[in-house]
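Got your viewer open? Load the model below and follow along, one selection at a time.

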Amino acid sequence: MIKGGWGKKGLQLGLLAGGMGALASLTSCFGTVPKPVFPLDRRLEELGPSRAPSLAGPWLALISHRDGRDQVVLLNVDDQRPVPLPGLNRPDAQPLSVGVDAKGERLGLVRQLEGRTELLLYRRRMMGSQLIAMNPPGVPRRVMLRADGRELAVEVSRNGNWQVDLIEIP
Amino acid sequence: MRVWVGALVLLAINLSVVGCGDLGLTRRRAGPAGLAPGGADREQPALSGQGEWLVSLVERQGRQTLMMQAQPSGAEVPLPSLRRFEPHDSPSLSWNGRYLALVGQQGGKRRVLILDRASGRLLPLQLPGDLQPEQLSLAPDGRRLALAGITRGRRLVQVFDLANLIEPDLPRGLAIGSMASPTVP
């Protein structure tokens, strides 16, 4: 029995305060819990296994394994709808890396096609791709498109080293 | 005559849009790689929204370390608060380079971290479930984070809302509090 004014209620309050303190210290130890965007996450689950995300403005580009092959998917995060990318996903190509700009107008893509790895710039409004040669010659692996759509940052294998190329887009 | 002109116009459009090489593209160097030896590997580049900042990964003292440089000078910005989370992986920058998101390591566990360069505050994120982070992309305004990882043996992408955790980093000229998508010049 606790003496000196500590009744059952006081003990309960003390335990509650102690528990909250422990929880607070655990949270600070392990980090802040971010809130998932739930409707979008359901849509992403439906897409199947996915990787290589690129987020800019309301646009999310990623590579998803659908219908037995990897494809580039572009989603509007606000309404969770995929938008068509005519001419970008060839059945004989394997996409490796994708980047999108904040307008969702330009996409940078590294893909393997017929035994070679190539870098492309896709313009959605024109529904067409422009092949971008590596200069000096090299093999691209990863691409990131600047949010304003005006520059590509590319990871390139050249003479046994990984290098970074920055390519401005008019 | 009209048929020939039309055909020439169509040919010109095709050449400019599809597979015509890289006419009109300018290339620039990423700036010197700081303390990294000249022939060292440099991987996973990411630019801020308008290209003022570049982050990439270099190997220093046997560990994959994040290097942040002003562009185009290549001047390196020290990031001492990230040292204890080496090796680093998958860096991503906000519009003005205020926020730097990355996958770091702590006690053998991969952690998602967001560094606010304006305040120096480092925000570790606790991911739900058993999601093992592999690759991330921070929205340029800092409002969302896309994360690719493995959970229960399945590879997936998840998007998280950061609006209540960090304030937005908007492109120059856009009013704070604007909920509209950034208008890119």
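For this tour, two residues are in contact if their C-beta atoms, placed from the backbone, lie within 7 Å. Keep in mind that what you are looking at is a predicted model.

**Stop 1: where the two chains meet**

Start by selecting chain A and chain B in separate colours. By that cut-off, 53 residues of chain A are in contact with 53 residues of chain B. On the chain A side, the elements giving two or more residues to the contact are strand 1 (35-36), helix 2 (38-47), strand 2 (50-56), strand 3 (59-66), strand 9 (128-132), strand 10 (139-145), strand 11 (151-158) and strand 12 (161-168). Highlight strand 12 of chain A in particular: the largest share of that side, eight residues, comes from there. Now colour the chain A side by residue type, and you should get 30 nonpolar, twelve polar and eleven charged residues.

Next, pick strand 1 of chain A along with residues 154-161 of chain B. Those chain B residues are strand 12, and two bridges join the two strands, which run antiparallel. Click on A:Lys35 and look across to its opposite number, B:Asp161 in strand 12 of chain B.

**Stop 2: the nonpolar core**

Which residues touch the most other members of the largest nonpolar core? Select A:Leu60, A:Ala61, A:Ala153 and B:Val55: among the 80 residues in that core, these are the ones. Zoom in on A:Ala61 and set aside its neighbours within four places in sequence; what remains in contact with A:Ala61 is A:Ser54, A:Val72, A:Leu74, A:Val98, A:Gly99, A:Val100 and A:Leu107.

**Stop 3: chain B on its own**

Hide chain A and switch to cartoon. Chain B has one helix and twelve strands, and reading from the N terminus the helix comes before the strands, as α-β-β-β-β-β-β-β-β-β-β-β-β. Chain B is 185 residues in total, and 39% of them count as buried. If you like contact maps, take the contacts in chain B between residues at least 6 apart in sequence: 41% of them join residues at least 24 apart.

**Stop 4: an open sheet**

Still in chain B, select strands 2, 3, 4 and 5. They form an open sheet in the order 2-3-4-5, with antiparallel pairing. Strand 2 (42-47) and strand 5 (76-77) are the edge strands, each pairing on one side only. Strand 2 is joined to strand 3 (residues 53-60) by four bridges; for one place to look, B:Leu47 has B:Leu54 as its bridge partner in strand 3.

Now go to the loop between strand 4 (63-70) and strand 5 of chain B, and pick B:Gln71. Buried or exposed? B:Gln71 is buried, because 20 other C-beta atoms lie within 10 Å. Draw a distance from its C-alpha to that of B:Arg27, 44 residues away along the chain, and you get 13 Å.

**Stop 5: two hairpins in a row**

Finish with strands 7, 8 and 9 of chain B. Strand 7 (residues 99-106) and strand 8 (residues 109-116) run antiparallel and are joined by eight bridges, with B:Gly104 opposite B:Arg111. They form a hairpin with two residues between the strands, and B:Gly107 in the turn has a positive phi of about 60 degrees.

Strand 8 also pairs with strand 9 (residues 122-125), in the antiparallel sense over four bridges. Here B:Leu113 stands opposite B:Pro124. Strands 8 and 9 form a hairpin with five residues between them, and in that turn B:Gly120 has a positive phi of about 85 degrees.

Technical notes. Residues numbered from 1 in each chain as written. Chains lettered and ligands numbered in written order. Predicted model: local features only at pLDDT ≥ 70, side-chain atom pairs only at ≥ 80, totals over all residues. Nonpolar A, V, L, I, M, F, W, Y, C, P; charged D, E, K, R; others polar. Pairing = 2+ DSSP bridges. Buried ≥ 20, exposed ≤ 12 C-beta atoms within 10 Å, placed from the backbone. Core = buried A, V, L, I, M, F, W, Y, C linked by C-beta atoms within 7 Å.
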